[in-house]
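Dear colleague,

I am handing over the structure we spoke about, which you will find just below. Please look through it at your own pace before reading my notes.

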Amino acid sequence: MSAELSADIVVIGAGIVGALAAQRLARQGASVLILEAGPRLERARVVAAFRNSPFKGNWMAPYPPSPWAPHPIYVPQDNGYLKQAGPYPYPAEYIRAVGGTTWHWAAQAWRLVPNDVRIKSLYGVGVDWPLSYEELDPWYQEAEELLGVAGADNTGSPRQHPFPMAPVAEPWSMRRVRERLAPAYPVVANTVARNSRGYDGRPACVGNNSCQPICPVNAQYLGINAVEAAEAAGAKVIPNAVVYRIEHDVKGHIAAVHYYAPDKSEHRVTGTTFILAANGVESPKLLLLSASDTYPNGLANRSGMVGRHLMDHPSTSLTFYADEELWLGRGPQSPSSINTLRDGAFRSQHAPYRLDFTNISQVLNVTNDLIKEGVYGAEFEKQLRWRAARQINVKNVLEVLPNPDNRITLSAEKDAMGIPKPEAHYAIDDYTRRAAEVSKADFARIAELMGGTGLRYSADGQFANNQHITGTMSMGNDPATSVVDAFGRTHDHENLFVCSTGVMPTAATMNSTLTGVALALRTAEHILPAKNSHAATAHVGHETSLA
Amino acid sequence: MVPDKLDGVSASHDHPADPSRRRLLAGLLTAYTASLIPWALAQPAPHADRGAFTALSALLVGRQALDAAQATRLYDALATASPHFPADVQALLTLINERHIDPLQLQGVLDGEHSPLAPLPRSIMSAWTLGVVGSGENARCVAYETALDAVIVADVLKPPTYAYGAYGSWTGKPS
């Protein structure tokens with residue numbers, strides 16, 4: 001075993017959430033060590049890997065897993081890392097690398113809507129959060145200023161202070177969708193961590209239309225930007241450090257974490273405070289792996305809730321041809337959506353949803369379709385242009401309620417390092433399925449308003465997954481039913497905190513990253529209050545410091 | 001941007017120049033196929049297999065010109081991936097020549113007859129239009145920016161990862 005490492009704060013996982021908590025703590029003068037299981041990546045190499053990939057529709061292709069820190073891969077075939085216990089598949093995708101999964105994301109940086117945190121009280125479903133939207137607001141603001149979020153005020157999420165940036169310029173395709181769907185559906189600009197002007201030393205978007213799998217120009221905020229910010233603040237990152245055990249002392253305090261280097265040499269890292277930030281699958285896996293005689297069910301698991309309440313956002317969709325040329329693929333990938341169905345009295349009966357339009361170039365899908373259909377000869381080029389100009393897609397983003405039977409457990413199967421693989425137990429209940437049915441009427445109306453032909457609904461009962469892993473280490477006031485408190489501190493271990501979208505007690509209808517970051521900043525403040533903090537006033541100072 | 005360099009112009013890519021051994025594609029076509037790809041009649045090919053590939057490619061992708069350097073790379077990749085590829089190409093071209101099969105009907109005819117050549121058009125189309133040769137674990141990317149699916153829409157779209165233009169340049173109507 002090598003010489004021990006030590007720090008005031010030890011963070012497990014170098015994704016956007018953990019890294020932004022780390023940078024905040026490092027700024028306060030704490031020594032911070034970030035352990036990341038995966039390797040360090042270079043943006044230019046990711047871009048090259050995408051261009052050279054034979055699977056351009058698979059955004060994981062440019063991110064091959066390392067042997068010592070595997071992550072799920074499904075194309076060209078399932079690498080068998082995330083085991084599926086059923087009954088419904090949960091093919092989550094995530095990236096184990098410095099920077100984490102937001103290397104490829106649509107940068108949708110949504111706030112909740114206020115009622116999302118009170119659905120038990122208001123609608124009799126799910127659970128209430130242990131904090132209010134108003135308490136979250138200043139942390140959202142701080143997160144938005146760190147990420148550089150561009151957005152409009154008409155999305156249903158109130159705010160006390162302006163967005164850091166105006167909405168990103170609307171692509172022609174989305175303008176036409178907005179104009180033709182009004183007034184039946186208000187189509188609004190998505191709230192995104194994408195620059196509509198130069199911000200924090202990064203350029204404005206230039207429309208590469210590859211937000212997923214990689215923004216080549218650094219106009220979209222990624223986890224690697226968060227890591228670099230943490231390093232600039234003094235944090236140290238150790239890549240290729242596969243944490244496999246969290247060690248507690250006789251009092252139940254966390255004393256150290258243990259990691260393997262790729263050569264399987266063992267290392268021990270001690271610290272004062274520990275932050276688990278390895279995402280909603282790997283973090284509960286690690287808590288379960290760290291079982292001891294004192295904690296036979298794993299750490300932080302007195303409630304038995306670690307790994308349970310797994311949630312994400314399933315989607316069904318409609319693809320069709322509009323009656324005019326839209327040419328999706330000009331500008332960023334995810335510009336616009338309909339937000340009016342994110343809340344309402346119907347939530348007592350079925351899930352709420354966002355309706356999301358893609359602006360991803362349709363050329364690849366159309367070409368694949370034409371080859372599949374055997375459209376050859378002069379008709380190929382004609383059809384390619386006609387379809388690529390008119391094909392459009394709308395999907396729902398459906399809420400899933402917390403259910404303890406949906407969970408991450410340890411598989412009996414082990415990875416190359418001898419560490420048990422995670423296993424997903426997942427089902428999609430009637431609350432969510434009913435919403436999918438209801439949204440079909442929206443799909444049909446949208447197609448009608450766009451003069452749609454060639455309507456192709458996703459197959460009944462088939463849901464695409466959105467990789468918004470939530471719930472597996474839920475926060476709550478009751479230690480009997482939750483894993484962490486409202487500040488992300490585990491109920492069972494005073495110096496162990498969780499910073500992750502996995503602490504969200506419900507999934508709501510928006511991409512979870514911004515909420516995960518906001519909660520993590522709040523946790524960081526709780527661990528070590530910022531000088532001159534905070535909350536509702538901190539943004540003023542931040543803008544200055546970011547400039 | 002449509003490449004205008006025709007097959008044969010840069011035939012030195014695959015074989016040292018020996019004009020006496022070259023043949024014109026015209027010799028590989030019947031009046032029917034020649035009517036579909038008239039430009040190809042006068043195109044030289046380094047050898048019959050390559051000539052047949054160019055002719056069949058032109059019939060399938062339906063274009064009146066194909067980039068010669070790209071043809072060489074795709075042919076080499078396809079022939080490497082399958083030892084039967086050159087013979088299959090000759091056989092399919094002969095079939096189309098003899099039976100006057102419309103390219104638009106070709107896949108249906110091959111599928112309907114359970115022809116062993118049925119996978120061939122898709123593999124050639126995939127190579128030219130997606131730049132991908134092979135499938136599954138054996139798939140390789142041979143072209144991206146110059147794959148025909150990018151070339152055909154190049155007046156409107158850039159291939160993903162390439163900048164469309166200055167911030168906001170995407171707000172106007174595509175023209």
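What follows is an account of what was found, beginning with the chain as a whole and ending with some details of the backbone.

Please keep in mind throughout that this is a predicted model. Chain A contains twelve helices and 18 strands, and its C-alpha atoms occupy a box of roughly 70 × 45 × 45 Å when the box is taken along the principal axes. A compact globule with 547 residues would have a radius of gyration near 24 Å, and because chain A has 23 Å, the value agrees with that expectation.

The sheet of six strands may be a good place to begin. This open sheet has the strand order S4-S11-S12-S13-S10-S16 in chain A, and its pairing is antiparallel. Strand S4 (187–189) and strand S16 (453–457) of chain A are placed at the edges with a single partner strand each, so one side of each has no neighbour in the sheet. From one strand to the next, the twist averages 25°. At one of these edges, strand S10 (residues 317–321) of chain A pairs with S16(A) in the antiparallel sense over three bridges, and Leu318(A) has Tyr457(A) in S16(A) as its bridge partner. Helix H10 (residues 430–449) of chain A packs on this sheet, where it touches S10, strand S11 (336–338), strand S12 (353–357), strand S13 (391–398) and S16 of chain A. The direction of H10(A) makes about 150° with that of S13(A).

There is also an open sheet of three strands, ordered S3-S15-S14 in chain A, and here the pairing is mixed. Its edges are strand S3 (83–87) and strand S14 (407–414) of chain A, each of which has a single partner strand, so one side of each is left without a neighbour in the sheet. On average, neighbouring strands of this sheet are turned by 30° against each other, direction ignored. S3(A) and strand S15 (residues 420–426) of chain A run parallel and are joined by four bridges, and Lys83(A) stands opposite Glu423(A) in S15(A). Helix H7 (residues 279–289) of chain A lies across S14 and S15 of chain A, and it runs at about 70° to S14(A).

Turning to the interior, the structure holds three cavities of 30 Å³ or more, and the largest cavity has a volume of about 80 Å³. Its lining is made up of 14 residues, of which Cys205(A), Asn208(A), Asn209(A), Cys211(A) and Cys215(A) are the closest to its centre. By character, the lining of the largest cavity divides into eight nonpolar residues, five polar residues and one charged residue.

Some details of the backbone remain, and you may wish to look at them one at a time. Val75(A) and Pro76(A) are joined by a cis peptide bond with omega of about 5°, and Pro76(A) is found in the loop between helix H2 (43–51) and S3 of chain A. A cis peptide bond also joins Ala182(A) and Pro183(A), with omega of about 0°, and Pro183(A) lies in the loop between helix H5 (172–181) and S4 of chain A. Finally, Ala107(A), a residue other than glycine, has a positive phi, near 65°, and Ala107(A) is found in the loop between S3 and helix H3 (119–123) of chain A.

With best wishes

Notes. Residues are numbered from 1 along each chain as its sequence is written. Chains are lettered from A and ligands numbered from 1 in the order in which they are written. This is a predicted model: local features need pLDDT of at least 70, side-chain atom pairs count only at pLDDT 80 or more; totals for chains, interfaces and linings use all residues. Side-chain values use heavy atoms; hydrogens and water are left out. On a 1 Å grid over the protein atoms alone, a cavity is a set of points where a 1.4 Å probe fits but cannot get out, and a pocket is an open set with protein on both sides within 12 Å along at least five of seven lines; lining residues have an atom within 4 Å of a point. Grid points are joined across faces, edges and corners, and a volume is the space filled by probe spheres set on the points. Ala, Val, Leu, Ile, Met, Phe, Trp, Tyr, Cys and Pro count as nonpolar, Asp, Glu, Lys and Arg as charged, and the others, Gly among them, as polar. Two strands pair if DSSP finds at least two bridges between them. Helices (H or I, at least four residues) and strands (E, at least two) are DSSP runs, numbered from the N terminus. Axes are lines fitted to C-alpha atoms, for helices over the stretch in contact, and angles run from 0 to 180 degrees between N-to-C directions. Contact means heavy atoms within 4.5 Å. The radius of gyration is taken over C-alpha atoms; the globule rule is 2.2 Å times the number of residues to the power 0.38.
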